[in-house]
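Visitor: I would like to go through this model term by term. Please hold each label up against its cut-off.

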Amino acid sequence: MTSVTIDRENPSVLAAAREIRLDRVLFVTGAWALALIWLLPLAYAIWTAFHPPAYETRFELFAPLTLDNFVRAWNAAPFARYFLNTILLVTMVLTAQLVLCTLAAFAFARLEFPGKNVLFALVLLQLMVMPDILLVRNYATMSALGLVDTILAIGLPYFASGFAIFLLRQTFKTVPKELDEAARVEGCSLLGLLWRVYVPLAKPTMLAFGLVSVSHHWNNFLWPLIITSSVETRPLTVGLSIFATTDSGIEWSIINAATLITSGPLLIGFLLFQRQFVQSFMRAGIK
Amino acid sequence: MIKREWIHAWLLLLPALVLLFGFTHIPAVQTFIDSFWSTPRGRRPSTFVGWDNYARMTADPVFLRVMTNNLIYAAITIPASIAISLWMALFVHRRIMGLGFLRMAYFTPTVLPLIAVANIWLFFYLPGFGLFDQIRGLFGLRPVNWIGQPSTALYSITAVTVWNQAGFFMIFFLAALQTIPENLREAAALEGTSRWTFFWRVTWPLIMPTTLFVSVNATINAFRMVDHVFVMTQGGPNNASALLLYYIYDQGFRFWDTAYAATLTVVMVVILAIIGIGQFFLLDRRVHYR
């Protein structure tokens, strides 16, 4: 009791309390200001995409809403085909990555063989020198294979992901040895062991890698730009860049509608499964 | 004697390693070899030219411009992204009004395609008409051609990069901050330590490994993130916003000067290798932290 009375009478304590409160207000204001700035580009794109072009720079609360921009964007370029291409691409890349990298990661995690350390070091090297920068040579390889301008060519350099091998190897190493031995005693073959014991336990890692891989390849631009040259193969990102740079006086509201079309599925997926996305990116990042 | 286990292991590795070598290691070595040969043109085959491509590169004013640009780009994006992402993490790692919304707002740019958001930013930068100039107009300032003039083009690109990647780095800081024991904070509060002192004396040293990890990633990104350049400036005006990877693309696929593009790629690989070696030593020290 006494301490409270003393505090109340002590002006410096009151001042300190006020200072802490002010500190807190500044802190919260800063957090919100930053968040609003960070959302501004997206908010702006949504605003223009859902309003007639006349409201591109006029912000009125009761401006009429319209889906017209989306319809016009959708009809102005073969976005349906681009969508199909991108979906085929990310599905193909992820499937191939999971199969190839699971096999390789299992060998690195649980088998002994000569050259293991050297080979693993070479796998890790890919984390630094990615196929994305070896554009000229990989293009030459694709034209030697006769694969230029195919969806397969966009995905092929990414099938063997050093990153996936690394992540899965880490996960496989945590599988208890006893489980492994018990299955072997039961007469389980090597692939059976991998399929029945290791893969089920690595599902969270695979999900995490899957989200990272899908968003990476959905958004990838430079290599697809180089290797594709027709509507039948172009993914959304390349299609959008061509759509937005053709100088035919396309209105901003239509370009922004196209931008939202391109990012839409990933954005909606992210908003619905925010926690999984953030955890996946985190799990995938902290090696 | 060859054991069964060895054969199994090699068979499991075979498909992944064939692709890995085929699209990463072999092209890297071939790129290095290509850099000592001339570009084949028409009926003229490629000939061995020794260090000619490298001599041309060091005398190429555009290359020097591009390297300078890329260094400025790195020198801004790395510290700015770290500072902003750390602020974000500090904002949202404990209870705050609208926590879920704030986290969503910070992280969202990360999942958007850089090429797509570049369109939105392009509009923000429009002279006179765009958002920035409208705000400047409120204060009676003249419109600025942000991406159309050499003095601001690179910085306009840089801002987009920081905006795009800060939310991604935030989650690593967030994870690091959650590991700081709560009793340290309570002890500091009892001692009457200010937030500022607590941050520099306790938080900052404890999250150092994460800061190093984020720095390495930000450095790699500073050489890899060029998508928005294609939409916003195409490296212009007058190469003011061209970056190394963009220049490689330009030489390799617009001028089809593959030998010179290979030489530029060697520079890129060397830079990434240096970062890789740096990371190895930094992460090595990280082990001793524990």
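Guide: What follows is a set of short questions and answers on the labels used here. This is a predicted model, where local features need pLDDT of at least 70, side-chain atom pairs count only at pLDDT 80 or more, and totals for chains, interfaces and linings use all residues. Residues are numbered from 1 along each chain as its sequence is written, while chains are lettered from A and ligands numbered from 1 in the order in which they are written.

Visitor: Why is B:Thr77 called buried?

Guide: A residue is buried if 20 or more other C-beta atoms, placed from the backbone, lie within 10 Å of its own, exposed if 12 or fewer, and partly exposed in between. B:Thr77 has 24, so B:Thr77 is buried. Its place is in helix α3 (residues 61–92) of chain B. Helices here are DSSP runs of H or I, at least four residues, numbered from the N terminus.

Visitor: Which residues does B:Thr77 contact, leaving aside neighbours within four places in sequence?

Guide: They are B:Thr158, B:Thr161, B:Val162, B:Ala218 and B:Ala222. Contact means that the two C-beta atoms, placed from the backbone, lie within 7 Å.

Visitor: What makes B:Asn238 exposed and B:Asn239 buried?

Guide: The neighbour counts decide. B:Asn238 has 12 other C-beta atoms within 10 Å, so B:Asn238 is exposed. B:Asn239 has 21 inside 10 Å, and therefore counts as buried. B:Asn238 sits in the loop between α11 and α12 of chain B. B:Asn239 is in that loop too. Phi is positive at B:Asn238, about 55°, and also at B:Asn239, near 65°. Neither B:Asn238 nor B:Asn239 is a glycine.

Visitor: How many residues does each chain bring to the contact between A and B?

Guide: Chain B brings 72 and chain A brings 69. On the side of chain B, α1(B) gives the largest share, 20 residues. By class, that side has 56 nonpolar, 13 polar and 3 charged residues.

Visitor: What makes a residue nonpolar?

Guide: Ala, Val, Leu, Ile, Met, Phe, Trp, Tyr, Cys and Pro count as nonpolar, Asp, Glu, Lys and Arg as charged, and the others, Gly among them, as polar. Where α4(A) meets α1(B), 11 are nonpolar, with no polar and no charged residues. A:Leu100 and A:Phe106 are among them on α4(A), and B:Leu12 and B:Pro15 on α1(B).

Visitor: At what angle do α4(A) and α1(B) pack?

Guide: The angle is about 140°, with the axes 8 Å apart. Axes are lines fitted to C-alpha atoms over the stretch in contact, and angles run from 0 to 180 degrees between N-to-C directions.

Terms used
Helices (H or I, at least four residues) and strands (E, at least two) are DSSP runs, numbered from the N terminus.
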